[in-house]
Amino acid sequence: MKSKRLLISLTVVALVVVIIVVLAALLTVKVVHPVYHGFDGTQIEAPSDGWAKDEIEANYKGKSIVFLSKTNLMSELNQKNHLWHAFAVVKQFPNIIEIHFVRRTAVAKLMSSGGMVYIDCFGYVMDKPEQDSVIDITSAFKSTDVEQNVVGQPLVFQSPESNNRLSYVLEAIEATWQCMVEVSDMTQVLGENSVFQFDEDGNLIVMPTLKGKIVVHSPETDLGTRLIKAYSVYYNEWVRLQDDSITITVYKNGRITTPSN
């Protein structure tokens, strides 16, 4: 009786081992598809200066698709290639992964304790672009002492407040872009510097080129949507609000007020 139970146990163990081996073989990366996007998110053809498919597959082919870390994969690729930013990884079981790339585009710059730093829309440090026509956002920070300033990695300040402010400013720039303002035209619409500031309560102040200012309360809450609505008020067709005496206030609940006069 004991020998029969032992035989059954050994059989079960053997089956489990076989299943694990089969699954390990099936759930192994065999194909890597790089997918490229334009700045607006539309898919584009593979560029001549993009990643070589063979090069990516050489690094990740044969690895377990289950335990493959998307975050680590993107971090590794972004440190190696300063032209294309890996922003998403899609696992297609059992053995295919898609890696999505967008060309790095500088959207802002700031003067840090170590010199001028250029960043893309994801907050990653970039090499200085050929066309240096991006907004200087230094005015948004009390402290620009950096903890991490490496090309291909996120810019990290020593101050948590500065890190939060950077995320708000980048969201504000993205909201402006969503209003059909190209990155190359951003300085003409918003200005070259002193565009973004914060008051003592932590509210975001946007000061466009045409004068006047937009004050967004609680920028940590749905900033992009509320700022877009504020732009629709600022650029309205009926009342001219482009004047230094005008303040457009955007409250946390989305309510927008302008001077009664």
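Helices and strands here are DSSP runs, numbered from the N terminus. The model is predicted.

**Exercise 1. Locate Lys 211 and Ser 218, and describe their backbone and exposure.**

Step 1. Place them. Lys 211 sits in the loop between β12 and β13. Ser 218 sits in the loop between β13 and α6.

Step 2. Check phi. Most residues other than glycine have a negative phi. Lys 211 is not a glycine, yet its phi is positive, about 80°. Ser 218 is not a glycine either, and its phi is positive at about 45°.

Step 3. Check exposure. Lys 211 has a relative accessible area of 48%, so it is partly exposed. The cut-off for buried is under 20%. Ser 218 has 19% relative accessibility, so it counts as buried.

**Exercise 2. Find the residues joined by a cis peptide bond, and place the proline.**

Step 1. Read omega. The bond between Phe 93 and Pro 94 is cis, with omega about 15°.

Step 2. Place the proline. Pro 94 lies in the loop between β3 (84–92) and β4 (96–103).

**Exercise 3. Decide whether Val 29 is buried or exposed, and list what it touches.**

Step 1. Place it. Val 29 lies in the loop between α1 (2–26) and β1 (31–37).

Step 2. Apply the accessibility value. Val 29 has 1% relative accessibility, so it counts as buried.

Step 3. List the contacts. Beyond four places in sequence, Val 29 touches Tyr 60, Lys 61, Gly 62, Lys 63, Ile 65, Leu 68, Asn 95 and Ile 97.

Step 4. Compare sequence with space. Val 29 and Ser 64 are 35 residues apart in sequence, and their C-alpha atoms are 6.2 Å apart.

**Exercise 4. Test the length of helix α6, then find which residues are buried in it.**

Step 1. Compute the span. Helix α6 covers residues 223–234, twelve residues. At 1.5 Å a residue it should span 16 Å, and its end C-alpha atoms are 16 Å apart, so the two agree.

Step 2. List the buried residues. In α6 these are Leu 223, Gly 224, Arg 226, Leu 227, Ala 230, Tyr 231 and Tyr 234.

Step 3. Find their side. They cover an arc of only 160° around the axis, so they lie on the same side of α6.

Step 4. Name the cover. It includes α4 (160–178), α5 (186–190), β12 (204–206), β13 (213–216), β14 (247–250) and β15 (256–257).

**Exercise 5. Work out the four-stranded open sheet and its edges.**

Step 1. Order the strands. The order is β7-β6-β5-β8, with mixed pairing.

Step 2. Find the edges. β7 (125–126) and β8 (135–136) each have a single partner strand, so one side of each has no neighbour in the sheet.

Step 3. Inspect one pair. β5 (residues 106–112) and β8 run parallel and are joined by two bridges. Ala 108 stands opposite Ile 135 in β8.

**Exercise 6. Describe the largest nonpolar core.**

Step 1. Find the hubs. Of its 40 residues, Ile 137, Leu 155, Phe 196, Val 206, Ile 214 and Leu 227 touch the most other members.

Step 2. Find the main contributor. The largest share, seven residues, comes from α4.

Step 3. Look for another core. A separate one has 17 residues, among them Trp 51, Ile 56, Ile 65 and Ile 99.

**Exercise 7. Judge the confidence of the model.**

Step 1. Take the average. Mean pLDDT is 90, and 90% of the residues reach 70 or more.

Step 2. Find a weak stretch. Over residues 16–25, pLDDT stays under 50, and the model has one contact there beyond four places in sequence.

How values were computed. Residues are numbered from 1 along each chain as its sequence is written. This is a predicted model: local features need pLDDT of at least 70, side-chain atom pairs count only at pLDDT 80 or more; totals for chains, interfaces and linings use all residues. Side-chain values use heavy atoms; hydrogens and water are left out. Buried means under 20% relative accessible area, exposed over 50%, partly exposed in between (1.4 Å probe, protein chains only). Contact means heavy atoms within 4.5 Å. The expected span of a helix is 1.5 Å times one less than its number of residues. The arc is that of the directions from the helix axis to the C-beta atoms. Two strands pair if DSSP finds at least two bridges between them. A nonpolar core is a set of buried Ala, Val, Leu, Ile, Met, Phe, Trp, Tyr and Cys residues joined through side-chain atoms within 4.5 Å. pLDDT is the predictor's confidence in each residue, from 0 to 100.
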